[in-house]
Amino acid sequence: MDDAPAPFRFFRDFLCDRCGDCFAACPYLELSREEAKKEIASLIEQGRSRALEVCNTCHTCDVACPNGADPYELVLERWWERRRGGLPTTARLVTPSEPCNIWSCLKAIMPADELALLRSWDDFSPREEICLTGFYTSVVPYIMRARVLEGLPKVVGSEALFGCAGDIYKTGRFDLVEQIARRLERVFGELGVKRVVASMSAEGMVLKHILPERFGARFGFEVTTLEEWLLERLLAGEVKVTSPLGMKVAVHDNCLSKLEGGRLQGVIREIVERTGCRVVEPAHHGERSMCCGFGAAAARFRVMDIMSSGYRRLKELEATGADAAVIYCPACLFILSVIREMAGARIPFYHPVELVEAAAGGRPDRRHEERAWDMMAVISNHLVKYALFPSHRRDFQPATVSPEVEPLPELPPWDRTRMKALATLYHSPVVQNRAMRAAISLGFKAAVGGYDLARKRRLGLKS
Ligand code: SF4
Ligand code: SF4
């Protein structure tokens, strides 16, 4: 069996005593200690494990390992072996060098005010402090218009930064991660930036830890997250809570928030409490938090895996009985918003910035429901192409990412036309009526239920 090339061996076998703590903690494998010991031994010694089929890239096993052996990275190394010849076609959606991706499709239907915002962020002139947009902040840019963000450094970024390689890392394509790291070194070096406020905290963690520690990236700046910046403003009295919200709020933690001993998770809870809300925790939270569904795609790149995993998380959030859920990662926010609309759920979602804006007496410009239907148009366009064009079903080899920023490809005209037609349909009364929404919800739950049952039987899983 081939291994990942030497520079990309991140699992530290020499630290592993085969104790099984890692896979016993995995919220997707749900194994007893004895089963977990066998499962990790099989992955290490034979390269085989159900983890390769069900991993949601949640980082729990890395956190659970008492020896710091990084077992999640072993899953990624095995995926590298599968994928170095090409990525499954669904990965085109998160690859900006492919013409038909989430951002190019969404821009075909985005309102003019949000497009103007994105254009204003695509400005790489030198400055010492920036707020980095983040891959998926660009999907929900309206969040960044809040009054409580006055004083934030200039927002800068574009898809050309490949989301700081966070998504590609999850696929195991470490060669591409390395290329993206070199591009980021060049771009940030030319900017002369000394401090980055990451609007997407997961990217902040990648910039702070994964790229320097695993790929030798040399960045001459300090990284903080938007949430830390916001809490500082609250603590300094620069943002005042004038209308405490008095809600019971469930917090959804993202996968990379488990780094740094979960420090960011504490920041989010403090923000929530300072808005006059009470935190209630879902069954899996903190170190054991479950994925929003996004990471479920990394194992097999199936849309149904995303739906099934996301619905499981949504049900956990609803089961808290909370008045609202706070979702601080923009990627989790848009995925869970799509699942919420499909399932016909009612629990409202807030980004922490929106929660603070409301508590400070403002009116956050929340467009999550509309954006969820826009994103369904993006996913539907992909599925239509998958069904109609054999060439779109094949694996693809992403283009090399050069250190220089190159222009990204344009969305082809037919995709533009399909996107407009799909978005018009999804926002129209044909879909947005009570009977159709109920039918969509029933169909979604039946499809997820059937898919889960078949998957559990095939893989011998408990849930
Ligand atoms: S990777 Fe860590 S937790 Fe897993 S078996 Fe090895 S030592 Fe134990
Ligand atoms: S990263 Fe999460 S889902 Fe993947 S094997 Fe580890 S614990 Fe399980």
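Two strands count as paired when DSSP finds at least two bridges between them. Strands and helices themselves are DSSP runs, numbered from the N terminus: E over at least two residues for a strand, H or I over at least four for a helix. With that in hand, select β6, β5, β7 and β8: these four strands form an open sheet in exactly that order, with parallel pairing. β6 and β8 (349-350) are at the edges with a single partner strand each, so one side of each has no neighbour in the sheet.

Before going on, a word about what is on the screen. This is a predicted model, in which local features need pLDDT of at least 70 and side-chain atom pairs count only at pLDDT 80 or more, while totals for chains, interfaces and linings use all residues. Residues are numbered from 1 along each chain as its sequence is written, and chains are lettered from A and ligands numbered from 1 in the order in which they are written.

**Stop 1: strand β5**

Stay with this sheet and select residues 248-252, which make up β5. Four of the five residues are buried, where buried means 20 or more other C-beta atoms within 10 Å of a residue's own, exposed means 12 or fewer, and partly exposed lies in between, with C-beta atoms placed from the backbone. On one side, β5 pairs in parallel with β6 (residues 278-280) over three bridges. Show K248 and you will find R278 of β6 opposite; show A250 and the residue opposite in β6 is V280.

How does the chain get from β5 to β6? Colour helix α12 (residues 263-274): the chain passes through this helix on the way, in a right-handed β-α-β crossover. Right-handed here means that, with the strands pointing away from the viewer, the path from the first strand over the helix to the second runs clockwise.

Now add β7 (residues 324-327), which pairs with β5 in the parallel sense over four bridges. A250 is worth keeping in view, as A325 of β7 also stands opposite this residue.

**Stop 2: another sheet**

Next, select β2, β1, β3 and β4. In that order they form an open sheet of four strands with parallel pairing. β2 (155-156) and β4 (222-225) are the edge strands, each pairing on one side only. β1 (residues 129-132) runs parallel to β2, and two bridges join them. To see one such pair, show C131, whose bridge partner in β2 is V155.

**Stop 3: two domains**

Colour residues 6-83 as domain 1 and 89-376 as domain 2; these bounds come from an automatic or database domain assignment. Their centres, taken over C-alpha atoms, are 26 Å apart. At the boundary, 19 residues of domain 1 are in contact with 20 of domain 2, contact meaning that the C-beta atoms, placed from the backbone, lie within 7 Å. On the domain 1 side, α3 (51-54), α4 (60-64) and α5 (71-83) each give two or more residues, and α5 gives the most, with five. By class, this side holds twelve nonpolar, four polar and three charged residues. Here Ala, Val, Leu, Ile, Met, Phe, Trp, Tyr, Cys and Pro count as nonpolar, Asp, Glu, Lys and Arg as charged, and the others, Gly among them, as polar.

**Stop 4: the ligands**

Which residues surround ligand 1? Select C16, D17, R18, C19, G20, D21, C22, I40, C65, N67, A69 and P71; a residue is taken as near a molecule if its C-beta atom, placed from the backbone, lies within 6 Å of it. This shell has seven nonpolar, two polar and three charged residues.

Ligand 2 is surrounded by 13 residues, the closest being C26, C55, C58, T60 and C61. α4 and α5 each contribute two or more residues to this shell. Its classes come to nine nonpolar, four polar and no charged residues.

**Stop 5: three loop residues**

Select L87, in the loop between α5 and α6 (102-107). L87 counts as buried because 23 C-beta neighbours lie inside 10 Å. Leaving out residues up to four places away in sequence, L87 touches T171, R173, D395, F396 and P398.

Go on to D70, in the loop between α4 and α5, which has a positive phi of about 60° although it is not a glycine. Is D70 buried or exposed? With 20 other C-beta atoms within 10 Å, D70 is buried.

Finish at E30, between α1 (21-25) and α2 (33-46). Phi of E30 is also positive, near 50°, but E30 is partly exposed, with 15 other C-beta atoms within 10 Å.

How values were computed: Two residues are in contact if their C-beta atoms, placed from the backbone, lie within 7 Å.
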